[in-house]
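Me: I'm new to reading protein structures and would love a close look at one part of this one. Could you take me through its strands, step by step?

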Amino acid sequence: VEEQQAVDSPNGRRTYVLARGNEMNSLGEPSGGGHASSGLVAMFVLDPNGRVLAGDPAIPVGAFGQAPSDWSFHEFGPGRHGFLSRHSDMHQGYGGSHHVILLEKGASIKSHWIGASYDNNNAIDCEGLSKKACFKRTSDLSSRLHIERNQTPTAGHYPLRLTVNGHVGNKHYRQQNYIIRYDAAKQSYVEPNDSPLSDIDY
């Protein structure tokens, strides 16, 4: 078990449990898989008697067969708790990461993925280009995620604030804030289209 937190909710005391695991081979040993091999995490919500109210034993997240090890527990809405971590990977010089939020949804667990960072510096061929021309072809973005608990929740979920720094070509982002709201119809957090991290691929 990676994390275990007990909280009082409007429906009584709840215990949130997070476990993580790595891809194993046929011998029961860590496989050290490739990029395409994700790790696994499990999340469960228990009542005071240990009965499972919601859960998912196999949530894919991570790369090289390993799940992220750094998880934190937060309140994402009034009485609505879950876990937060970051998934990262690199393919052919394109690197990036996503903030990953795990929240209870009915009897299951919902994963919310929000773009966190991106760079293509190891993928761009600048041979024969000036430093200025090369810079124009590169991207390097990072972000921080903050839960706006002082704002009005939507369908029981607080808005999130993504603060972005870095550049995409010659366009610079300095402490640029984007509000990410929960979409009740889609039952998910939806990133704004103008965020440079909303549709990253790596």
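Reply: Start at Gly77, which stands opposite Arg80 in strand β6. This is a predicted model, so please read everything below as a description of a prediction. Gly77 and Arg80 belong to a pairing in which 5 bridges join β5 to β6, a strand made of residues 80–91, and the two run antiparallel.

Now step back to the sheet around this pair. It is an open sheet of 8 strands, and you can follow them in the order β5-β6-β7-β8-β9-β10-β11-β12, with antiparallel pairing. At the edges you find β5 (72–77) and β12 (188–190), each of which pairs on one side only. As you walk across, the twist averages 30° from one strand to the next. A general point helps here: strands of a sheet pair through backbone hydrogen bonds, either parallel or antiparallel.

Let's pause within this sheet at β9, which covers residues 139–147 and includes Ser139. Is Ser139 buried or exposed? Ser139 has a relative accessible area of 8%, so it counts as buried, because the cut-off for buried is under 20%. Leaving out residues up to four places away in sequence, Ser139 touches Tyr118, Asp119, Asn120, Asn121, His167, Val168 and Gly169.

Next, look at Cys134. Its relative accessible area is 17%, so Cys134 is buried as well. A disulfide joins Cys134 to Cys126, with an S to S distance of 1.7 Å. The torsion about that S-S bond is about 75°, so the disulfide is right-handed. The count for the model is 1 disulfide.

For comparison, try the other sheet described here. Its 4 strands form an open sheet in the order β1-β2-β3-β4, again with antiparallel pairing. The edge strands are β1 (3–9) and β4, and each pairs on one side only. Neighbouring strands in this sheet are turned against each other by 15° on average, direction ignored.

Within it, β3 (residues 39–46) and β4 (residues 52–61) run antiparallel and are joined by 7 bridges. You can check the pairing at two places: Val41 stands opposite Ile59 in β4, and Leu46 stands opposite Val52 in β4. Together β3 and β4 make a hairpin with 5 residues between them, and in the turn Gly50 has a positive phi of about 85°. One last general tip for looking at strands: in a regular strand the side chains alternate between the two faces of the sheet.

Methods
Residues numbered from 1 in each chain as written. Predicted model: local features only at pLDDT ≥ 70, side-chain atom pairs only at ≥ 80, totals over all residues. Heavy atoms only, no water. Pairing = 2+ DSSP bridges. Axes fitted to C-alpha atoms, helices over the stretch in contact; angles between N-to-C directions. Disulfide = S-S within 2.5 Å. Buried < 20%, exposed > 50% of the residue type's maximum accessible area, 1.4 Å probe, protein only. Contact = heavy atoms within 4.5 Å.
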